[in-house]
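Got the viewer open? Here is a short walk through the model, one selection at a time.

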Amino acid sequence: MDVKVDHRPAGTAKELVHAALLNAPFGETVSIKETIAAVRELGPELSESDCQLTKLIMLEAIFLGRFVAFDIHE
């Protein structure tokens, strides 16, 4: 999956994760690694750790009907 970055104003970590995941079609598998990179680009000031972002990505992906590839250590 190719995560596209929407260059809108920064928000909370949850808002940024949600925005990044909206680019993936329903039922698509999203990469934790790519999504974290996109979120960090959208919100470089975020203080959340990668583990915290992984949890947010997992919860938002389930909410939005996406699957998750846990590829952070690849």
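**First stop: Glu60**

Select Glu60 and look at how covered it is: with a relative accessible area of 7%, Glu60 is buried. Keep in mind as you go that this is a predicted model. Glu60 sits in helix 3. Which residues does Glu60 touch, once neighbours within four places in sequence are left aside? Show Lys14, Val17, His18 and Leu21, and you have them.

Two of those partners deserve a closer look. Put a distance label between the side chains of Glu60 and His18: they make a polar contact at 2.7 Å. Then turn to Lys14, whose side chain meets that of Glu60 in a salt bridge, 3.9 Å from N to O. Lys14 belongs to helix 1 and Glu60 to helix 3, so this pair ties together parts that lie 46 residues apart in sequence.

**Second stop: the other salt bridge**

How many salt bridges does a search of the whole structure find? The count is two. For the one we haven't visited, select Asp50 and Arg40, whose closest N and O atoms are 2.9 Å apart. Here too, distant parts of the chain are linked: Asp50 is in helix 3 and Arg40 in helix 2, with their positions 10 residues apart in sequence.

Buried, exposed or partly exposed: what is Asp50? Asp50 is partly exposed, because its relative accessible area is 36%. Arg40 also counts as partly exposed, at 27% relative accessibility.

Stay with Asp50 for a moment and add Thr54. The side chain of Thr54 reaches the backbone oxygen of Asp50 at 2.8 Å. Thr54 is found in helix 3 and is buried, with a relative accessible area of 18%; the cut-off for buried is under 20%. Not counting residues up to four places away in sequence, Thr54 touches Ile32, Ile36 and Phe70. Remember that last name for later.

**Third stop: helix 1 and what it packs against**

Now colour residues 13-21, which make up helix 1. Its buried residues are Ala13, Leu16, Val17, Ala19, Ala20 and Leu21. What do they pack against? Light up strand 1 (29-31), helix 2 (32-42) and helix 3 (50-64) to see the partners.

Zoom in on Ala13, in helix 1. Ala13 counts as buried, at 5% relative accessibility. Leaving out neighbours within four places in sequence, Ala13 is in contact with Leu46, Glu48, Leu53 and Leu56. Try one more distance, from the C-alpha atom of Ala13 to that of Val39: you should get 7.6 Å, although the two residues are 26 apart along the chain.

**Fourth stop: the nonpolar core**

In soluble globular proteins, nonpolar side chains tend to be buried together. In this model, the largest nonpolar core has 17 residues. Select Val17, Leu21, Val39, Leu53 and Ile57, which have the most contacts inside that core. Helix 1, helix 2 and helix 3 each supply at least two of the core's residues.

Pick Leu53 out of that group and show its surroundings. With neighbours within four places in sequence set aside, Leu53 is in contact with Ala13, Val17, Ile36, Val39, Arg40 and Glu48. Ala13 and Arg40 are familiar from earlier stops.

**Fifth stop: out to the surface**

Here is Phe70 again, the residue touched by Thr54. Where is Phe70? Look in the segment after strand 2 (67-69). At 55% relative accessibility, Phe70 counts as exposed. Switch on the surface and select Phe70 with Met58, Leu59 and Ile62: these form a nonpolar patch with about 410 Å² of accessible area together.

**Last stop: zoom out**

Finally, bring the whole chain into view and colour by secondary structure. The chain has three helices and two strands, and reads α-β-α-α-β along the sequence. Of its 74 residues, 36% count as buried. The chain exposes about 4500 Å², and carbon and sulfur atoms supply 58% of that area.

What share of the contacts between residues at least 6 apart in sequence join residues at least 24 apart? That share is 70%. The salt bridge between Lys14 and Glu60, from our first stop, ties together parts 46 residues apart.

Conventions:
Residues are numbered from 1 along each chain as its sequence is written. This is a predicted model: local features need pLDDT of at least 70, side-chain atom pairs count only at pLDDT 80 or more; totals for chains, interfaces and linings use all residues. Side-chain values use heavy atoms; hydrogens and water are left out. Buried means under 20% relative accessible area, exposed over 50%, partly exposed in between (1.4 Å probe, protein chains only). Helices (H or I, at least four residues) and strands (E, at least two) are DSSP runs, numbered from the N terminus. Contact means heavy atoms within 4.5 Å. A nonpolar core is a set of buried Ala, Val, Leu, Ile, Met, Phe, Trp, Tyr and Cys residues joined through side-chain atoms within 4.5 Å. Patches are made of residues with over 30% relative accessible area and no salt bridge: like charges are joined within 9 Å, nonpolar side chains (Val, Leu, Ile, Met, Phe, Trp, Tyr) within 5 Å. Accessible areas come from the Shrake-Rupley method with a 1.4 Å probe; for residues, only the protein chains shown count as cover. A salt bridge is a side-chain nitrogen of Lys or Arg within 4 Å of a carboxyl oxygen of Asp or Glu. A polar contact is a pair of N or O atoms within 3.5 Å; within protein, one must be able to donate a hydrogen and the other to accept it, and residues adjacent in sequence count only if both atoms are side-chain atoms.
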